[in-house]
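Trainee: I have this model open at the bench and would like a close look at one part of the fold. Please start with a single residue and then walk me through what surrounds it.

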Amino acid sequence: MQQIIERLKNQNALSEIIEKRLREFWKYCVEEIRDVAIRESVELYLQKTAPWQFFSAPASPSGKHHPIWQNDPGGILRNTVECCLSIDMLMTQEWQLGDADGIPHEPARSIIYAATIVSDTCKGGNPWGPKTDRNHGRIAAELWKTAAGNLAIPQNAQELIYEAVYWHLGRWTPGWTEEIDASLSLHTKITHALDALYADKNLEKIFIPRPLPM
């Protein structure tokens, strides 16, 4: 994480709130990856490859999407943390991904954590631009795959992470078809469900209550 802090300092992009968001992100997202090789690939990717803007940008460049608390500086990090905090709960709903007591299996859990973390790292594209790049899933998947290339991650796990990052927008991913959707793994389905849920601006109605109209 210190390398990321130094990168942000070099860009004059580090503030107290950004550092707070980064530390939350590291604790609740990165450090939750239990598979050592998968965690190493994510750390390496974040430190060396992911655009530095990922660590400082709001979740929605226009502010029209995502709940308001994700549209402050560091908002993409906060969105990612909120997604990660619900991974275990969603995995317990799928018997294939957990044991009889609902404990998530490994490496499935680490795969979904990794995909969720990586999925929005190139949200503004690479190089980063002022608008959301609709192909950011593909861009991030390719960059992570290159960064992870020399690490001892089983081929199946690599493919699942790549797929889940690439298709994390579900039907909104360029090139999506019903046939492709039917072939996607549960890992991808969960990654997409989390992405869609925590981007919902209607969450403001629950977490920022307002008086009902008379």
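Mentor: Happy to. Let's start with N12, which counts as exposed because its relative accessibility is 75%, above the 50% cut-off. Keep in mind that this is a predicted model. N12 sits in the loop between helix 1 (2-10) and helix 2 (16-28). Its backbone deserves a look too: N12 is not a glycine, yet its phi is positive, at about 55 degrees. For context, most residues other than glycine have a negative phi.

A useful companion to N12 is H66, in the loop between helix 3 (36-48) and helix 4. Phi of H66 is near 70 degrees, again a positive value in a residue other than glycine. The surroundings are another matter: H66 counts as buried because its relative accessibility is 7%, whereas N12, at 75%, counts as exposed.

From the N12 loop, move into helix 2, where you will find E19. With a relative accessible area of 25%, E19 is partly exposed. Once neighbours within four places in sequence are left aside, its contacts are I5 and L14. If you want a ruler across the fold, take E19 and D120: they are 101 residues apart in sequence, and their C-alpha atoms lie 18 Å apart in space.

Now turn to F25, which takes us to the nonpolar interior. The largest nonpolar core has 58 residues, and F25 is among those with the most contacts inside it, together with L22, Y45, L46, F55 and I117. Helix 6 supplies the largest share of this core, with 8 residues. Setting aside neighbours within four places in sequence, F25 is in contact with V30, L46, F54, F55, L77, T80, V81 and I117. Try displaying those partners together, and keep T80 and I117 selected for the next step.

Those two residues meet again where helix 4 (residues 75-84) packs on helix 6 (residues 108-119). The two axes come within 9 Å and cross at roughly 160 degrees. Because of that angle, helix 4 is roughly antiparallel to helix 6. The crossing is right-handed. On the helix 4 side the contact is made by T80, C83 and C84, and on the helix 6 side by Y113, T116 and I117. Sorted by class, this contact has 4 nonpolar and 2 polar residues, with no charged ones. So T80 and I117 take part in this helix contact, and both also touch F25.

Just ahead of helix 6 there is a backbone feature to check. P107 lies in the loop between helix 5 (87-91) and helix 6, and the peptide bond from E106 to P107 is cis, with omega near 5 degrees. In general, most peptide bonds are trans. A second cis bond runs from N126 to P127, with omega near 10 degrees. P127 is placed in the loop between helix 6 and helix 7 (136-147).

P107 also leads us to helix 3, by way of I38. I38 lies in helix 3 and is buried, with a relative accessible area of 1%. Apart from neighbours within four places in sequence, I38 is in contact with I33, P107, S110, I111, A114, I153, A157 and I161. Of these, A157 is 119 residues from I38 in sequence, with 8.5 Å between their C-alpha atoms. Helix 3 also holds Q47, which is buried at a relative accessible area of 16%. Not counting residues up to four places away in sequence, Q47 touches M1, Q3, I4, R7 and W26.

For a last stop, compare another helix pair. The axes of helix 8 (residues 155-166) and helix 10 (residues 186-198) come within 8 Å and cross at roughly 35 degrees. Helix 8 passes helix 10 in a right-handed crossing. Here L160, E163 and A164 of helix 8 meet H187, T188 and T191 of helix 10. By class, that contact divides into 2 nonpolar, 3 polar and 1 charged residue. Set this beside the contact of helix 4 with helix 6, which has 4 nonpolar, 2 polar and no charged residues.

Definitions and conventions:
Residues are numbered from 1 along each chain as its sequence is written. This is a predicted model: local features need pLDDT of at least 70, side-chain atom pairs count only at pLDDT 80 or more; totals for chains, interfaces and linings use all residues. Side-chain values use heavy atoms; hydrogens and water are left out. Axes are lines fitted to C-alpha atoms, for helices over the stretch in contact, and angles run from 0 to 180 degrees between N-to-C directions. Helices (H or I, at least four residues) and strands (E, at least two) are DSSP runs, numbered from the N terminus. Angles under 35 degrees count as roughly parallel, over 145 as roughly antiparallel, 65 to 115 as roughly perpendicular and the rest as oblique. A crossing is left-handed if the near helix is turned anticlockwise from the far one by less than a right angle, and right-handed if clockwise. Contact means heavy atoms within 4.5 Å. Ala, Val, Leu, Ile, Met, Phe, Trp, Tyr, Cys and Pro count as nonpolar, Asp, Glu, Lys and Arg as charged, and the others, Gly among them, as polar. A nonpolar core is a set of buried Ala, Val, Leu, Ile, Met, Phe, Trp, Tyr and Cys residues joined through side-chain atoms within 4.5 Å. Buried means under 20% relative accessible area, exposed over 50%, partly exposed in between (1.4 Å probe, protein chains only).
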